[in-house]
Amino acid sequence: MKMLSKNNLFAYATSELSQDAFIAWLMSFAMKEFEGKDILLTKCAREVIKIFYPDMKDDEYVTDIKKQYLNIDILVKIGDKCVIIEDKTFTGTHGDQINRYKEALIKEGVAEENIICVYYKTGNQARQE
């Protein structure tokens, strides 16, 4: 495995749980109650969310963040939308996880059209050209 630069967050946050905590923390800056705490982090959080959920409106906010809810790494709620973030460091997909999490939310009463699934991978990745 290639050594990561000491200036790379993932040289220090080497497990998915560290990454989960960072993502959840960043997403918290897109909550209405924290939007003025740090303008740059709020802007960053909103930009990341818009990558996951491009239809998010400027007047929408993250309303809840849960870690390991129904085994979902991170669940971000934005109004009636639920963003499932399945996060990986040095491993890949297995066991049809995202579809299982989506089905679990549907069983909880979330409409399928309100579920957004994100597969988020960091670490050493092969360069695709």
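Tutor: Let's start with vocabulary: helices are DSSP runs of H or I with at least four residues, strands are runs of E with at least two, and both are numbered from the N terminus. This is a predicted model, where local features need pLDDT of at least 70 and side-chain atom pairs count only at pLDDT 80 or more, while totals for chains, interfaces and linings use all residues. Residues are numbered from 1 along each chain as its sequence is written, and side-chain values use heavy atoms, with hydrogens and water left out.

Student: How many helices and strands does the protein have, and in what order do they run?

Tutor: There are four helices and four strands. Starting at the N terminus, the elements run α-α-α-β-β-β-α-β.

Student: What separates Phe22 and Trp25 in helix H2?

Tutor: About one helical turn, because they are three residues apart in H2, which covers residues 16-28.

Student: Why is each of these two called buried, exposed or partly exposed?

Tutor: Buried means under 20% relative accessible area, exposed means over 50%, and partly exposed lies in between (1.4 Å probe, protein chains only). Phe22 has 33%, so Phe22 is partly exposed. Trp25, at 41%, is therefore partly exposed too.

Student: And what does Trp25 do with Phe29?

Tutor: Those two form an edge-to-face aromatic pair, with 5.2 Å from centre to centre and 80 degrees between the planes. The rule is that rings of Phe, Tyr and Trp (its six-membered ring) pair if their centres lie within 6.5 Å; planes under 30 degrees apart are stacked, over 60 edge-to-face, and the rest tilted. Phe29 itself has 6% relative accessibility and therefore counts as buried.

Student: How many aromatic pairs are there in the whole structure, and what kind is the pair of Phe22 and Trp25?

Tutor: The search finds two pairs. For Phe22 and Trp25 the centres are 5.7 Å apart and the planes stand at 40 degrees, so the pair is tilted. Phe22, Trp25 and Phe29 together make one aromatic cluster.

Student: What makes S1 and S2 paired strands?

Tutor: Two strands pair if DSSP finds at least two bridges between them. Strand S1 (residues 64-69) and S2 have five bridges, in the antiparallel sense. Lys66 stands opposite Leu75 in S2, and Tyr69 stands opposite Ile72 in S2. In their hairpin, two residues lie between the strands, and Leu70 in the turn has a positive phi of about 55 degrees.

Student: Which strand pairs with S2 besides S1, and by how many bridges?

Tutor: Strand S3 (residues 81-88) is joined to S2 by five bridges and runs antiparallel to S2. Here Val76 stands opposite Val83 in S3.

Student: How are the four strands ordered, and which are called edge strands?

Tutor: They form an open sheet in the order S1-S2-S3-S4, with mixed pairing. S1 and S4 (115-121) are the edge strands, each pairing on one side only.

Student: How do you know that the charged end of Lys66 sits over a ring, and which ring is this?

Tutor: The test asks for NZ of Lys or CZ of Arg within 6 Å of the ring centre and within 35 degrees of the ring normal. The charged end of Lys66 sits over the ring of Tyr69, 4.3 Å from its centre. Likewise, the charged end of Arg46 sits over the ring of Tyr61, 5.3 Å from its centre.

Student: What makes a set of residues a nonpolar core?

Tutor: Such a core is a set of buried Ala, Val, Leu, Ile, Met, Phe, Trp, Tyr and Cys residues joined through side-chain atoms within 4.5 Å. The largest has 19 residues, and those with the most contacts inside it include Ile49, Val76 and Ile85. H2, H3, S2, S3 and S4 each supply at least two residues of this core. A second, separate core of eight residues includes Ile72, Ile84, Leu105 and Ile115.

Student: How much of the protein counts as buried, and how does S2 stand?

Tutor: Of the 129 residues, 37% count as buried. In S2 (residues 72-78), six of the seven residues are buried, which leaves the strand mostly covered.
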